[in-house]
Amino acid sequence: MGGTLILAAAAGAVAVLLAVRLWVVLRPRATVPRRSLSLLVVAGSGGHTTEILRLLENLSDAYSPRHYIIADTDEMSAHKINSFEGNRADRNPRAMFTEYYIHRIPRSREVQQSWLSTVLTTLYSMWLSFPLTHRVKPDLVLCNGPGTCVPICISALLLGILGIKKVIIVYVESICRVEHLSLSGKILFHLSDYFIVQWPTLKEKYPKSVYLGRIV
Amino acid sequence: MLHTPAPGPARGRAVVTLRRALPSKTRPVLLGALPRPCPGVQAEAAAPYLRLRHPRGRRPRAARRPPSAPSQGRGKVVPEPLSTESLTLDVYRYKDSLKEDLPKADLVISHAGAGSCLESLEKRKPLTVVINEKLMNNHQLELAKQLHKDGHLFYCTCSMLPGLLQSMDFSTLKCFPPGQPEKFSAFLDKVVGLQK
């Protein structure tokens, strides 16, 4: 009986500690001035990749190195990223070489996959996401809603909770979402530092989001 | 200004994008509707380019195919390419971009996919989106409906398409302003504290 009580108390203490750490990590804080920062981009798949590359087009070279995460079965995204980085290097011959890396993790959910097995594959990709995020230790995570971005953002958050590194998480909801957030969006609305929407209807529904107009 | 086809007897060119989610009846309707003259495609005969997009999905079971038929990848139904006096139909599978075909198009008929819609509008092409009634609450439709509300495109269901092709007036469509990724980069520079 006593043992159970102690166990429960310990679990409670850990939960409170985690909650406090989560609050500390997500609390707005003064920005640290910096000259460059490493970027982790969750490209995911298909249309998401195209959209996020359009966002990256205007970013300066200070966002370097750039790490891309794609679904392991997604050759199209790898191809798009390589040609995007190639074009970028051609436009800017001053940069001696462009530093970018492509990492692959399994999809959280294939189209038409059942919900039960989705839970399992998400846990599995969570298991793989944390070591990857820990290795990269990015300053900034940028994503726009592929399923893969949830485990990555949670891993990035964990880095903060464990006191390893505060990672800024920026979520840009896809242009396709006019009135309703995607599932990833609903989850990450509470966990991201900046949540950007692209339609005024969503800004009205979620006043805490950032609306900059159409940015892709 | 939207691109308007030059008057004259030239054959018009339509780019059509489909996806498996469209009901299979769309294809016959499209093929029936396009060769007729319509204001968007200023020709007795349009030469639609049918871009067939087959999203990830289950392969048809081998048993359903005659053993001699070549594998058709992931898609289920693939129209045969054909060429007659009134119609040239060119069929291809998924391409990652419409880049090559869009500049030549006088009209784009598309499914409600965001990529195809935005790409066509940016190229200032008159766009008609055919929506699948079965997907009424699908998020794919949110964007098409909003863009229609803002006057950038026409949209209809499959059975309404032949009528719409006859009656639509592209001059009523509004120009689609380009997105502003520079606002995003300015915002990001500020919040991460980037020093120039």
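Student: What's on the two faces of β4(A), buried or exposed residues?
Tutor: Buried ones: Leu140(A) and Leu142(A) sit on one side, while Val141(A) and Cys143(A) sit on the other. Buried means under 20% relative accessible area, exposed means over 50%, and partly exposed is in between (1.4 Å probe, protein chains only). Strands here are DSSP E runs of at least two residues, helices are H or I runs of at least four, and both are numbered from the N terminus.

Student: Before I go on, what kind of model is this?
Tutor: This is a predicted model: local features need pLDDT of at least 70, side-chain atom pairs count only at pLDDT 80 or more, and totals for chains, interfaces and linings use all residues. Residues are numbered from 1 along each chain as its sequence is written, chains are lettered from A and ligands numbered from 1 in the order in which they are written, and side-chain values use heavy atoms, with hydrogens and water left out.

Student: OK, back to β4(A). How many bridges join β1(A) to β4(A)?
Tutor: Four, and the two strands run parallel. For instance, Leu39(A) has Leu140(A) as its bridge partner in β4(A). Two strands count as paired if DSSP finds at least two bridges between them.

Student: And how many between β4(A) and β5(A)?
Tutor: Four again, in parallel. Here Leu142(A) has Val170(A) as its bridge partner in β5(A).

Student: What order do the strands take in the sheet?
Tutor: The open sheet of chain A has seven strands, ordered β3-β2-β1-β4-β5-β6-β7, with parallel pairing. At the edges are β3 (100–105) and β7 (210–211) of chain A; each has a single partner strand, so one side of each has no neighbour in the sheet.

Student: What helix packs near that β3 edge, say on β1, β2 and β3 of chain A?
Tutor: That's α4 (residues 115–136) of chain A, which touches β1 (37–44), β2 and β3 and runs at about 165° to the direction of β3(A). Axes are lines fitted to C-alpha atoms, for helices over the stretch in contact, with angles from 0 to 180 degrees between N-to-C directions. Contact means heavy atoms within 4.5 Å.

Student: How many bridges pair β2 with β3(A)?
Tutor: Six, with β2 covering residues 63–71 of chain A. Among the pairs, Ile70(A) has Arg104(A) as its bridge partner in β3(A).

Student: What salt bridge does Arg104(A) make?
Tutor: Arg104(A) pairs with Glu75(A), with the closest N and O atoms 3.0 Å apart. Glu75(A) belongs to helix α3 (residues 75–91) and Arg104(A) to strand β3 of chain A, so the pair ties together parts 29 residues apart in sequence. A salt bridge here is a side-chain nitrogen of Lys or Arg within 4 Å of a carboxyl oxygen of Asp or Glu. Arg104(A) is partly exposed, at 40% relative accessible area.

Student: How many salt bridges are there over all chains?
Tutor: Seven. Another one joins Lys166(A) and Asp193(A), whose closest N and O atoms are 2.8 Å apart. Lys166(A) is in the loop between α5 and β5, and Asp193(A) in the loop between α6 (183–188) and β6 (194–197) of chain A, so that pair ties together parts 27 residues apart in sequence.

Student: What about Asp139(A), which salt bridge partner does it have?
Tutor: Lys165(A), with the closest N and O atoms 3.1 Å apart. Asp139(A) is in the loop between α4 and β4 (140–143), and Lys165(A) in the one between α5 (149–161) and β5 (168–172) of chain A, 26 residues apart. Asp139(A) is buried at 15% relative accessible area, whereas Lys165(A) is partly exposed at 23%.

Student: New topic: how many disulfides are there?
Tutor: Zero over all chains. For Cys143(A), the nearest cysteine sulfur is that of Cys153(A), 3.7 Å away. A disulfide needs two cysteine sulfur atoms within 2.5 Å.

Student: Why isn't Cys149(A) bonded to Cys143(A)?
Tutor: Cys143(A) holds the closest cysteine sulfur to that of Cys149(A), but 3.9 Å is too far for a bond. Cys149(A) is buried, at 0% relative accessibility.

Student: Last one: where is Ser174(A)?
Tutor: In the loop between β5 and α6 of chain A. Ser174(A) is buried, at 5% relative accessible area. Leaving aside neighbours within four places in sequence, Ser174(A) is in contact with Glu51(A), Asn144(A) and Gln198(A).
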